[in-house]
Amino acid sequence: MMKKNNKNLLLNHQEYFYTIYSIIGALLVGSIFIVFAGGNPFVTYGAMLKGSLGSQYALADTFNNALPLILTGLSVAFASKVGVFNIGAEGQLYVGALFATLVGLFLDLPPFLHSLVAILAALIGGAAWAFIAAILKEKRDVNVVISTILLNYLAIPLIHYLVNGPLRTDGLIVATDKIKESARLPFVIKMPFGITTAFIYVFIAVVITYIVLNYTAFGFKIKAVGSNRFAANYSGINIGFLSLLGLVLAGSLAGLGGGLEVISRQYRLISGFSPGYGYSGIPIALLGRRSPIGVVFAAMFFSILSTGAIEMQSQGISTSVISVIQGLVVLFIASEFVIRYLIKKIAENRLVKKEGVKE
């Protein structure tokens with residue numbers, strides 16, 4: 001038992017090692033790009049930290065930017081647990097935002113109830129959009145990666161059309177009218193920091209996801225399907241239904257991210273309101289090791305990068321360097337198998353030498 005516990009602890013430490021290795025590796029290689037761009041990596045990264053953590057306002061901005069990233073990261077991580085690669089978090093986020101906006105614009109409800117209904121609508125919107133990909137997979141065996149990508153390309157221009165056409169209000173910004181006051185989430189810390197109760201709903205989503213995955217029979221079945229479909233099928237688990245349900249639930253998480261953006265920060269649906277929250281959910285899920293808790297820290301890291309990017313511009317460095325660093329994180333995570341192989345070979349060589357000395 002002791003040996004087993006030590007082995008599990010060692011495996012956990014290895015997971016932390018690969019995460020830290022991915023972050024440090026990405027920052028080191030990113031510094032080469034900064035040098036080529038004519039900057040000083042220490043000064044540039046210092047500016048990035050100042051822009052994201054250097055003041056109360058910056059901290060609040062980083063915190064608020066992390067919330068949709070946590071939910072899209074959770075969406076991708078949850079779907080991956082059931083063996084489905086959800087590329088469509090961006091589209092699901094947009095549809096969730098649209099549903100919440102419609103509720104905020106056209107329903108008349110008491111304040112607390114109104115925001116709850118808007119959140120419920122966002123959950124349904126994201127889930128409904130994911131359901132299209134899920135049912136295509138179930139009925140026609142359409143690859144989920146392809147269908148979710150195509151659904152992204154459908155959702156974004158569709159909502160752009162609605163915001164630019166039937167739902168557009170007067171003004172220079174391509175956006176809907178502002179949602180009613182009753183649909184907006186109340187502030188915990190008022191302006192200029194603007195922290196609302198949105199983080200409570202995100203916290204609830206993280207806790208529920210963690211409990212479902214780790215302490216319920218449903219979560220066990222999901223992970224069984226994701227780990228080995230053949231073994232899960234042999235043990236009587238309904239793989240098709242769980243895959244469908246897993247993708248729909250993942251879509252609801254991304255939809256919640258879009259809805260909270262509308263009712264807690266922007267108060268209207270702006271065309272192109274997302275800077276790529278859904279796409280960022282993919283590297284966030286990978287960096288967070290597909291764990292709900294890991295996703296929270298990974299989302300904070302990505303939020304620090306994106307929020308601090310504005311301050312980086314003061315050093316003459318393009319914000320596109322941040323996109324490069326984010327891509328490098330994915331690259332280093334993908335190279336994990338190479339590191340595992342090298343560690344294994346080094347351990348084998350040491351064992352051979354040790355055995356050779358004994359002989």
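**Definitions applied to a predicted model**

Q: What makes the meeting of the Asp141 and Lys137 side chains a salt bridge?
A: The side chains of Asp141 and Lys137 meet with an N to O distance of 2.9 Å, and the term requires a side-chain nitrogen of Lys or Arg within 4 Å of a carboxyl oxygen of Asp or Glu, so the pair qualifies. Salt bridges with shared partners also join Asp61, Glu261 and Arg265 into one network. The model is predicted, so local features need pLDDT of at least 70 and side-chain atom pairs count only at pLDDT 80 or more, whereas totals for chains, interfaces and linings use all residues. Numbering runs from 1 along each chain as its sequence is written, and side-chain values use heavy atoms, with hydrogens and water left out.

Q: Why is Asp141 called exposed, and Lys137 partly exposed?
A: Exposed means over 50% relative accessible area, buried under 20%, and partly exposed in between (1.4 Å probe, protein chains only). Asp141 has 55% relative accessibility and is therefore exposed, while Lys137, at 37%, counts as partly exposed.

Q: How do you know that Lys180 and Asp108 form a salt bridge, and which parts of the chain does the pair link?
A: Their closest N and O atoms are 2.6 Å apart, which meets the rule for a salt bridge. The pair links distant parts of the chain, with Lys180 in the loop between α6 and β1 and Asp108, 72 residues apart from it, in the loop between α4 (89-106) and α5 (111-140). These elements are DSSP runs numbered from the N terminus (helices: H or I, at least four residues; strands: E, at least two). At 27% relative accessibility Lys180 counts as partly exposed, whereas Asp108, at 64%, is exposed.

Q: Why is Ala183 classed as it is, buried or exposed?
A: Ala183 lies in the loop between α6 (144-164) and β1 (187-189), and its relative accessible area is 0%, so Ala183 is buried.

Q: What makes the empty space lined by Asn64 and Arg265, among others, a cavity?
A: A cavity is a set of points on a 1 Å grid over the protein atoms alone where a 1.4 Å probe fits but cannot get out, and its lining residues have an atom within 4 Å of a point. A search of the whole structure finds one cavity of 30 Å³ or more, and the largest cavity has a volume of about 60 Å³. Its lining includes Asn64, Leu67, Glu261 and Arg265; α10 (239-266) is one of the helices that supply at least two lining residues, and α10 gives the largest share, five residues.

Q: How do you know that Ile200 can belong to a nonpolar patch?
A: Such a patch takes nonpolar side chains (Val, Leu, Ile, Met, Phe, Trp, Tyr) joined within 5 Å, from residues with over 30% relative accessible area and no salt bridge. Ile200 has a relative accessible area of 37% and is therefore partly exposed. Ile200 is among the patch residues, which together have about 970 Å² of accessible area, and the elements giving two or more residues are α7 and α12 (292-312). The largest share, eight residues, comes from α7, the helix in which Ile200 is found.

Notes:
On a 1 Å grid over the protein atoms alone, a cavity is a set of points where a 1.4 Å probe fits but cannot get out, and a pocket is an open set with protein on both sides within 12 Å along at least five of seven lines; lining residues have an atom within 4 Å of a point. Grid points are joined across faces, edges and corners, and a volume is the space filled by probe spheres set on the points. Patches are made of residues with over 30% relative accessible area and no salt bridge: like charges are joined within 9 Å, nonpolar side chains (Val, Leu, Ile, Met, Phe, Trp, Tyr) within 5 Å. Accessible areas come from the Shrake-Rupley method with a 1.4 Å probe; for residues, only the protein chains shown count as cover.
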